[in-house]
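Please look through the sequence and the model below before reading on, and keep both at hand while following the explanation.

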Amino acid sequence: MAVKGAPTWGYAKTPCSHPGISDLGSTRSGLAFNLSFRKWECCCLGVASAQRAITPVEDEKPNLTGAESSGAIQRIEDNESRGFHKDMNLLPKPLTANDLSSPRDGSKVRVAYQGLPGAYSEDAALKAYPKCETVPCDQFEAAFKAVELWLVDKAVLPIENSVGGSIHRNYDLLLRHRLHIVGEVQLQVNHCLLGLPGVTKEELKRVLSHPQALAQCEMTLSSLGIVRINADDSALAAQMVASTGLRNTGAVASARAAKIYGLDILAEKIQDDDDNITRFLILAREPIIPGTDRPYKTSVVFTLEEGPGVLFKALAVFALRGINLTKIESRPQRQRPLRVVDDSNEGSAKYFDYLFYIDFEASMAEPRAQYALGHLQEFARFLRVLGSYPMDTIP
């Protein structure tokens, strides 16, 4: 299967005098466009850019806490199926990173997500593309590869939650893979307590779900005295409850998962914080052409030269142009995580090198955004635009 080379926004240095500062008093937008598009261009990656790319080493898998997690889940999976659930053989099987797909008919947009049918990620995909064909994947990286291998058109993956914080794994994968952010989805999370038909919540002795979902429902689950058991995702937890038929076991998942797996909703909105929003990114092989007809957001990643106040200077390039930053995230640079400095008589000091991920409210079609990134390049050793895309303002 042929893989088409994806164009990537990259910075090409050209001789000029102070590109980041000369624009600060100017109102001539035409000049800004001419200057910026000589530097910012959409091009396929070559050998030179590949040498500068930061490729993180193999990531560690997330730790699942809970003393009885693995044993209890294994016992549940080994039980025979009961008659309370729907025929789950009819549900699509998750793609793995090694799967190959049959030829497509092109009738629908195919969107990959991590998890099983009924996962919150599938809800986000359907919000973005209501008539799409959703394709479940067993891991986040499988969703990235499904787009790269042309098995699907898009991927919708979580990047941060208003309660649980950032999903670091996906930040690392954004840099490892050459996909582009073409949109975002904000999804209101409504955790439900699910059980087999006819079961009451007082009968439950244990509950399965993703660790973050369990943590977000701490108060409700503690008041019921239920033992919490980790699962890979909330939809898988609902499927396991339905397939085992254990009346004393419930799941924390979405109302849609209850419908898919034939479970009863024993309680709704059991999360501790009602304003529980998860932000998802829409990824594609090709970037979109940014506009100025609606609010846009741009995401970049960069590393900085060493020196006092360099991070302050890097962030100031946005403040000087009235650009609002909505997110800043730092991740260790895995290729060279430690730097040794021999500038004291007491021995060498070791500290971390970091990648900085930033989201800001501006379109790459705006001269101020182009000038800001040109100015940022004066301090950056590496800079990559991950995408410039319309904002989702309605959870």
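The paragraphs that follow take up a strand and its partners, then the cysteines, the aromatic rings, a helix and two loop residues.

The model is a predicted one, and a convenient place to begin is strand 3, which spans residues 110–114 and is mostly covered, with five of its five residues buried. In a regular strand the side chains alternate between the two faces of the sheet. In strand 3 both of these faces are covered, since Arg110, Ala112 and Gln114 on one side are buried, and Val111 and Tyr113 on the other are buried as well.

Which strands, then, are joined to strand 3 by bridges? One of them is strand 4, residues 133–137, which runs parallel to strand 3 and is joined to it by five bridges; within this pairing, Gln114 stands opposite Cys137. The other is strand 5, residues 154–161, which also runs parallel to strand 3 and is joined to it by two bridges, and there Val111 has Lys154 as its bridge partner. Helix 4, residues 120–128, belongs to this picture too, for strand 3, helix 4 and strand 4 together make a right-handed β-α-β unit.

Cys137, already met opposite Gln114, leads on to the cysteines. Cys137 counts as buried because its relative accessibility is 0%, and Cys217 counts as buried because its relative accessibility is likewise 0%. A disulfide is a covalent bond between the sulfur atoms of two cysteines. How many disulfides does the model contain? The count comes to zero. For Cys217 the reason can be followed in the distances: the closest cysteine sulfur belongs to Cys192 and lies 9.2 Å from the sulfur of Cys217, which is too far for a bond, given that a disulfide requires the two sulfur atoms to be within 2.5 Å.

The aromatic rings give a different count, which comes to three pairs. One of these is formed by Tyr171 and Tyr357, whose ring centres are 5.0 Å apart and whose planes stand at 65°, so the pair is edge-to-face, a label that applies to planes over 60 degrees apart. This pair links distant parts of the chain, for Tyr171 belongs to helix 6 (residues 168–176) and Tyr357 to strand 18 (residues 354–360), and the two tyrosines are 186 residues apart. Both Tyr171 and Tyr357 are buried.

Helix 11, residues 310–319, has Val310, Ala314, Val317 and Phe318 as its buried residues. These four lie on the same side of helix 11 because they cover an arc of only 105° around the axis. On the other side of helix 11, Phe312 and Ala319 are exposed.

Two loop residues remain to be considered, and their backbone angles are the point of interest. Most residues other than glycine have a negative phi, and most peptide bonds are trans. Trp150, however, has a positive phi, near 65°, and is found in the loop between helix 5 (140–148) and strand 5. With 31% relative accessibility, Trp150 counts as partly exposed, and the charged end of Arg285 sits over the ring of Trp150, 3.7 Å from the centre of that ring. Lys269 also has a positive phi, near 50°, and lies in the loop between strand 12 (264–267) and strand 13 (277–284). Is Lys269 buried or exposed? Lys269 counts as exposed because its relative accessibility is 57%, where the cut-off for that label is over 50%.

How values were computed. Residues are numbered from 1 along each chain as its sequence is written. This is a predicted model: local features need pLDDT of at least 70, side-chain atom pairs count only at pLDDT 80 or more; totals for chains, interfaces and linings use all residues. Side-chain values use heavy atoms; hydrogens and water are left out. Buried means under 20% relative accessible area, exposed over 50%, partly exposed in between (1.4 Å probe, protein chains only). Two strands pair if DSSP finds at least two bridges between them. A crossover is right-handed if, with the strands pointing away from the viewer, the path from the first strand over the helix to the second runs clockwise. Rings of Phe, Tyr and Trp (its six-membered ring) pair if their centres lie within 6.5 Å; planes under 30 degrees apart count as stacked, over 60 as edge-to-face and the rest as tilted. A charge sits over a ring if NZ of Lys or CZ of Arg is within 6 Å of the ring centre and within 35 degrees of the ring normal. The arc is that of the directions from the helix axis to the C-beta atoms.
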